[in-house]
Amino acid sequence: MIEVRDIHYARLGTRDLDAAERYATDIIGLQKVERSSDRLYLKSDSRHHTLAYFLGDPAEQVIAFELKDWSTLGAAHEQLRAADVPCGMGSEAEAADRHVEAFMWFLDPTGNRIELVARPHEAGRRYFPTRDAGILGFGHVGLCSTDPVRDQAFWLSNFNTLVSDWIGPCPLLRVNARHHQMALFAAKRKGIQHINHQVAEIDDIMRAWYFLNEKKIRIVFGPGRHPTSGGNFLYFEGPDGMIFEYSNSDRTIIGDLSAYKPRQFPLHPTSFCMWGSKPDIAEFKE
Ligand SMILES: O=C(O)c1cccc(O)c1O
Ligand SMILES: [Fe+2]
């Protein structure tokens, strides 16, 4: 069993780093920490970065989890290799590029590239954005799955992953007390389906709704409230068609974990929004 602590970063390819930088800082409210001709690092909390763009194919998308115990990296690699999961150790240069001491990568059954990082770098500085979106940090990702039942079995059997709730066959998965760090949504393709940042309160959601409308950013879902995590939300479209979400309150599941029963919600709009907002997001439709 591979034990991970939390989701750590997302890495996205883009052909236009300048556009990604403008959007990430001026619109989302992330802080630029480093920029070169082919790299852009953005932070949302005390870590070196939680989102990185590299000059390359926008279809290349990666998410990383931090190992609970850095010393288990070799064992994690061995476990996945023995299970015939496509995987490999990261090189020193690749680790330096990710601002971690060491990492490995593997492909989930859909073909999504996942990285497991050991001793990721802290920033030594607070998150200090140019736009106050109320961001508390990187929350979770929605990951495309060509077979959510198969991919759920992969995550449950290899990792310390727990199901918090299902919407249809799609599980919202947690590796710590927060309601979910990853959700698997049925899709015909691989890749990241959305990237969530947690914001402090519902006022941040509604401020964002006015702000994004004024900036002519396409809102694709919300404002609304998820019956699953209880979070108020807003989804909007970013560079290369990536969907970003702000939400508050990823409900925490603590104490006697055996007392928490994952809940099954039907694949229906009311399972995504309890207020009646309708998603313009392919993977959230029946
Ligand atoms: O927060 C949630 O519960 C949630 C539910 C459906 C889809 C999402 O993106 C979510 O974040
Ligand atoms: Fe989400």
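Between which strand and which helix does the loop that holds glycine 90 lie? Select glycine 90 to begin: this residue sits in the loop that joins strand S6 (87-89) to helix H3 (92-98). Helices (H or I, at least four residues) and strands (E, at least two) are DSSP runs, numbered from the N terminus.

The model is predicted, so local features need pLDDT of at least 70 and side-chain atom pairs count only at pLDDT 80 or more, while totals for chains, interfaces and linings use all residues. Residues are numbered from 1 along each chain as its sequence is written, chains are lettered from A and ligands numbered from 1 in the order in which they are written, and side-chain values use heavy atoms, with hydrogens and water left out.

**Around glycine 90**

With glycine 90 still selected, display Phe103 and Met104, which are its contacts (heavy atoms within 4.5 Å) once neighbours within four places in sequence are left aside. Add leucine 116, 26 residues away along the chain; its C-alpha atom is 9.6 Å from that of glycine 90.

**Two backbone details**

Move next to aspartate 84, in the loop between helix H2 (73-82) and S6. The phi angle of aspartate 84 is near 60°, a positive value in a residue other than glycine. Then select glycine 222 and proline 223: the peptide bond from the one to the other is cis, with omega near 5°. Proline 223 belongs to strand S14 (residues 219-225).

**The two domains**

Colour domain 1 (4-120) and domain 2 (135-284) separately; these bounds come from an automatic or database domain assignment. The C-alpha centres of the two domains are 20 Å apart. At the interface, 40 residues of domain 1 are in contact with 41 residues of domain 2. Buried area is the accessible area (1.4 Å probe) that two parts lose on being put together, summed over both; between these domains it amounts to about 3100 Å², with 65% given by carbon and sulfur atoms.

The rule for a salt bridge (a side-chain nitrogen of Lys or Arg within 4 Å of a carboxyl oxygen of Asp or Glu) finds 1 across this interface. Select arginine 178 and aspartate 6 to view a salt bridge whose closest N and O atoms are 2.8 Å apart.

**The largest pocket**

On a 1 Å grid over the protein atoms alone, a pocket is an open set of points with protein on both sides within 12 Å along at least five of seven lines, whereas a cavity is a set where a 1.4 Å probe fits but cannot get out; lining residues have an atom within 4 Å of a point. The largest pocket holds about 450 Å³ of space. Among its 27 lining residues, select Pro58, Ala59, Glu60, Gln61 and Gly191, the closest to its centre. Strands S5 (61-67), S8 (113-120) and S13 (192-199) each give two or more residues to the lining. Each domain supplies at least three lining residues of this pocket.

**The cavities**

The whole structure contains 2 cavities of 30 Å³ or more. The largest cavity has about 110 Å³ of space. Its lining has 16 residues; select Leu172, His180, Phe185, His226 and Tyr235, which lie nearest the centre. Strand S12 (182-186) and strand S16 (243-247) each contribute two or more residues to that lining.

Finish at the second largest cavity, with a volume of about 50 Å³. Select its lining: Leu12, Gly13, Tyr53, Pro58, Gln61, Pro239, Asp240 and Met242. Here too, each domain provides at least three lining residues.

Technical notes. Points joined across faces, edges and corners; volume = space filled by probe spheres on them.
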